[in-house]
Amino acid sequence: MTKLYSDDAELYDIAFDWDIEEEVDWLYEHLGRPASLLEPGCGSGRMLESFARRGVDAVGIDLSAPMLELARRRLGERAAVSLADMTDFDLGRTFEAAVSPINTLLHLTPEELAAHFGCMARHLEPGAAYLVQVGLIEPDSYDPFAGSHWEASRGDMKLRADWSDEEIDFERSVSRQRSRIEVLAGPRAGEVIEEIHDMTLWTPETWASAISSSPFREVATYDAGKKGERPLVDQSATGGLLWHQLVPAG
Ligand SMILES: C[S@@+](CC[C@H](N)C(=O)[O-])C[C@H]1O[C@@H](n2cnc3c(N)ncnc32)[C@H](O)[C@@H]1O
């Protein structure tokens, strides 16, 4: 597991703690105002907290104990998070909706994604929606990702985060990404945490094929590439911030 999700989970929590209220409003409506929701790979719980504030019974699982510790600190009594692998879990209950933001599913190989979808189908009620944010690219239109660069702070801690493509390999379906967090102020000032993440690369074709052999079907695709706008797009669309609305196929 990468340091950013384990030893340095606190830095992740600061770097990714931007305002998600408008996005969660949109998700809540598109999920049909669910009473219960599951977030696999919930990390430090920023989405769970926001859904819980809307009265949703929000439950998360993650493989990282430090991330879950931060989620428990953030959610207090409302924390319903547990250590589990999203490719093999059984919570003994079902949910009205599920969500997976910021390309979390790219951490899974195609085989792991198939196992994940199997688990998710067993945890969703008939008609429930699963909104997953997964970017799709293809060789003809691929424009090297200039990267995301931003600053974040909490208390006396200030940091700069950079996330960029290191290498894109269409033949092996691997997208190698580099994250760099530099602590600018606070007790850890001067530290730089740099890591490479090997993620699965999905094209519209490979993604459509993964969905068609899963227990889900994709009923809508939205492009969140422009801030504040999420137009409905064709399933052949490419982009780094596509939301795919999945429903159980049966
Ligand atoms: C990009 S972070 C997203 C966290 C959270 N969803 C958010 O929006 O802030 C990805 C998370 O997925 C978790 N993760 C990766 N592989 C996992 C797996 N197989 N099972 C459960 N969690 C996993 C990591 O520990 C990490 O917390």
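Let me start with Glu-21 and Arg-53, which form a salt bridge with their closest N and O atoms 3.2 Å apart. This pair ties together distant parts of the chain: Glu-21 belongs to helix H2, Arg-53 to helix H3, and these positions lie 32 residues apart. Keep in mind that this is a predicted model. As for surface, Glu-21 has a relative accessibility of 25%, so it counts as partly exposed. Arg-53 is also partly exposed, at 48%.

Next, the neighbouring residue in helix H2. Which residue does Glu-22 meet in a salt bridge? The partner is Arg-230, at 2.9 Å from N to O. Again distant parts of the chain are linked, here 208 residues apart, with Glu-22 in helix H2 and Arg-230 in the loop between strand S10 (216-223) and strand S11 (242-248). Glu-22 is partly exposed at 43%. Arg-230 comes out at 15% relative accessibility, and because buried means under 20%, it counts as buried.

A third pair is Arg-172 with Asp-169, whose side chains form a salt bridge at 3.3 Å, N to O. Here Arg-172 is exposed at 57%, whereas Asp-169 is buried at 18%. There is also a network: salt bridges with shared partners connect Asp-13, Asp-17, Glu-21, Asp-25, Glu-49, Arg-53, Arg-54, Arg-74 and Arg-154. For the model overall, the salt bridge count is 22.

One member of that network deserves its own slide: Asp-17. Asp-17 sits in the loop between helix H1 (9-15) and H2, and at 36% relative accessibility it is partly exposed. What does Asp-17 touch, apart from neighbours within four places in sequence? The contacts are Arg-74 and Arg-154. With Arg-154 there is a side-chain to side-chain polar contact at 2.9 Å. On the backbone side, the C-alpha atom of Asp-17 is 9.5 Å from that of Ser-44, a residue 27 places away along the chain.

Now the strands. Strand S2, residues 57-62, has five of its six residues buried, so the rest of the structure largely encloses it. S2 pairs with strands S1 and S3. Strand S1, residues 36-40, runs parallel to S2 and is joined to it by five bridges. Within that pairing, Leu-38 is opposite Val-59 of S2. Strand S3, residues 81-83, is likewise parallel to S2, with three bridges between them. There Gly-60 has Val-81 of S3 as its bridge partner.

How are these strands connected? S1, helix H3 (residues 46-53) and S2 form a right-handed β-α-β unit. S2, helix H4 (residues 65-75) and S3 form a right-handed β-α-β unit as well. That brings us back to the opening pair, since Arg-53 lies in helix H3. As a general reminder for anyone looking at side chains here, in a regular strand they alternate between the two faces of the sheet.

Last, two backbone points. Arg-33 is not a glycine, yet it has a positive phi of about 45°. Arg-33 lies in the loop between helix H2 (21-30) and S1. Is Arg-33 buried or exposed? Its relative accessibility is 52%, so it counts as exposed. Asn-103 likewise has a positive phi, near 55°. Asn-103 is in the loop between strand S4 (95-100) and helix H5 (110-123), and at 17% relative accessibility it counts as buried.

Definitions and conventions:
Residues are numbered from 1 along each chain as its sequence is written. This is a predicted model: local features need pLDDT of at least 70, side-chain atom pairs count only at pLDDT 80 or more; totals for chains, interfaces and linings use all residues. Side-chain values use heavy atoms; hydrogens and water are left out. Buried means under 20% relative accessible area, exposed over 50%, partly exposed in between (1.4 Å probe, protein chains only). Helices (H or I, at least four residues) and strands (E, at least two) are DSSP runs, numbered from the N terminus. Two strands pair if DSSP finds at least two bridges between them. A crossover is right-handed if, with the strands pointing away from the viewer, the path from the first strand over the helix to the second runs clockwise. Contact means heavy atoms within 4.5 Å. A polar contact is a pair of N or O atoms within 3.5 Å; within protein, one must be able to donate a hydrogen and the other to accept it, and residues adjacent in sequence count only if both atoms are side-chain atoms. A salt bridge is a side-chain nitrogen of Lys or Arg within 4 Å of a carboxyl oxygen of Asp or Glu.
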